[in-house]
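Trainee: Please take one part of this model and examine it closely for me. I should like to see how that part is connected with its surroundings.

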Amino acid sequence: MNIVNRLGKICDTLGVNNKATYPVMLIALVKGICRPTFTMMDKTEKPETKKYTALREGLTEIIAIPTYWACGELTAKLASKFKFKKDMPADVQASLRKRASKNMMFIGVCVAALFVIPGLCSVAIKPIMDKFMPQNKPQKQPIKEPVTNTVPPTLKRPAMNTFFAGKNVVKPMVYNNRIPTGMKVGGV
Amino acid sequence: MIGMISRIVTSSPLTTMAESASTQVTCETTMKAIGRPGFILIDNNIDPDTKKYAAAKEFLYQATCLLLYAIFVVPLFKKGAFKVGKKIFKDHAADFAKFKNTEDYLRYRKYAEKPFYSDRIHNNKIDKLFNDELRTELKTKEHPRMFNRIKGTIELGNIIGSVLGLAVLAPQVSHAIIHPCLRAIGMEQKKPKTPKQQIDTKA
């Protein structure tokens, strides 16, 4: 079988049933290979940072591929729960059910991208990264014990900004020839 | 309540969206652009500044992907696939010749997929939009031809374009765009250039 015939078969399959999970899973697969490769090729970053980033990007896509598939298939199965009018012909009901299944799969993929994959990544990636690259694990700092010494701190005497303040100031020697009695005039 | 949900889930606009690979990828990337930064911001184990930086970086990456996809991938691959298919699949050349381009085929498919035959019979738009052959197909047959090969060709083109655009091209382009954008909004500082040591030629 030549390439054109193979391509034709793929096109026929996609034409009959193009599931919402096909493109997103394929993109995740190629991203899972290409993004870490490009990161490792970056010459401006440190080797350890490159390894860490590449592993993280790869893990994100590894989680994304089965999640897209599971969410898409699970929500598509919910389509069987829908009830249609009883007077509706059986072939129209079958057609609507098929339509609902496709649309529910699309909704499932959107929900996976919005909530499930980011949630799973934030829960699962950190422990896996710590296991694979323990050197990047942040070291826990020892808890400092509170100081229990109750001795009050000695207060330093405030320096007074006056002329005679302080111990080392030499006071002028003044000879007093007056008897220290009676009234003083002048204040010496 | 279930009846209303059933009507929404089986509606034609949603079916058109769900069946097109380009719409699927656009919606998925938009959801990623909201979900991933959101989950980074609500993570309590990360330092607040790191959280803001990582969330902004992730949002910018997804926004770049979306922009690139809308500008480059959708117009080029969606339209290109129809032309390529016309040349490659010579055994289906007569089917391809019935339609002018991708839009023309997708318009036909939208009407052909309507589950109620009565929706097509009384539709005047069909008379204006399609040629005699396609009009007869839509108005006289309960199950008109779908031309699945054409639909598959368009979707395959979309998928190839999406993979090339989002997985190969987007990481390269975003690497060049993200850091200047982060610097512009004040979340990243420019690395100071280390002066080159001059070689002492006199020594």
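Mentor: Let us begin at A:W69, which, leaving aside its neighbours within four places in sequence, is in contact with A:T21 and A:M25; two residues are in contact if their C-beta atoms, placed from the backbone, lie within 7 Å. Please note that this is a predicted model, in which local features need pLDDT of at least 70 and side-chain atom pairs count only at pLDDT 80 or more, while totals for chains, interfaces and linings use all residues. Residues are numbered from 1 along each chain as its sequence is written, and chains are lettered from A and ligands numbered from 1 in the order in which they are written.

A:W69 belongs to helix α3 of chain A. Helices (H or I, at least four residues) and strands (E, at least two) are DSSP runs, numbered from the N terminus. With 18 other C-beta atoms within 10 Å, A:W69 is partly exposed. The cut-offs are these: a residue is buried if 20 or more other C-beta atoms lie within 10 Å of its own, exposed if 12 or fewer, and partly exposed in between, with C-beta atoms placed from the backbone. Although A:W69 and A:M25 are 44 residues apart along the chain, their C-alpha atoms are separated by 7.4 Å.

These contacts lead us to helix α2 of chain A, the part I propose to examine. The helix covers residues 21-41, 21 residues in total, and it reaches 30 Å from its first C-alpha to its last, close to the 30 Å expected at 1.5 Å a residue. The expected span is 1.5 Å times one less than the number of residues. The helix nevertheless has a kink of about 30°, centred on A:K31; the bend at a residue is the angle between axes fitted to the seven residues ending there and the seven starting there. A:K31 also serves to place a residue outside the helix: A:N17, in the loop between α1 (3-16) and α2 of chain A, has its C-alpha atom 24 Å from that of A:K31, 14 residues along the chain. A:N17 is partly exposed, with 13 other C-beta atoms within 10 Å.

Which residues of α2(A) are buried? Among them are A:T21, A:V24, A:I27, A:A28, A:K31, A:C34 and A:R35. An α-helix has 3.6 residues a turn, so residues three or four places apart point the same way. The cover over the buried residues of α2(A) includes α3 (47-78) and α4 (90-132) of chain A, together with α3 (21-41) and α10 (148-184) of chain B.

The wider setting in chain A is simply described. There are 4 helices and 0 strands, and buried residues make up 26% of the 188 residues. Of the contacts in chain A with a separation of 6 or more, 75% join residues 24 or more positions apart.

Part of the cover comes from chain B, and we should therefore look at the contact of the two chains, which takes 40 residues from chain B and 42 residues from chain A. On the side of chain B that touches chain A, α1 (2-9), α2 (12-19), α3 and α10 each supply at least two residues. α10(B) gives the most to that side, with 15 residues. By class, the side of chain B that touches chain A has 22 nonpolar, 10 polar and 8 charged residues. Here Ala, Val, Leu, Ile, Met, Phe, Trp, Tyr, Cys and Pro count as nonpolar, Asp, Glu, Lys and Arg as charged, and the others, Gly among them, as polar.

The two covering helices of chain B merit a few words each. α3(B) packs with helix α4 (residues 48-88) of chain B at an angle of about 175°, their axes 8 Å apart. Axes are lines fitted to C-alpha atoms, for helices over the stretch in contact, and angles run from 0 to 180 degrees between N-to-C directions. The angle makes α3(B) roughly antiparallel to α4(B), given that angles under 35 degrees count as roughly parallel, over 145 as roughly antiparallel, 65 to 115 as roughly perpendicular and the rest as oblique. The residues of this contact divide into 13 nonpolar, 5 polar and 5 charged.

In α10(B), a kink of about 50° lies at B:A170, shortly before the proline B:P171. In the loop between α9 (132-140) and α10 of chain B is B:F147, which is buried, with 21 other C-beta atoms within 10 Å. B:F147 has a positive phi of about 55° although it is not a glycine. Most residues other than glycine have a negative phi. After α10(B) comes B:G186, whose phi is positive, near 75°.
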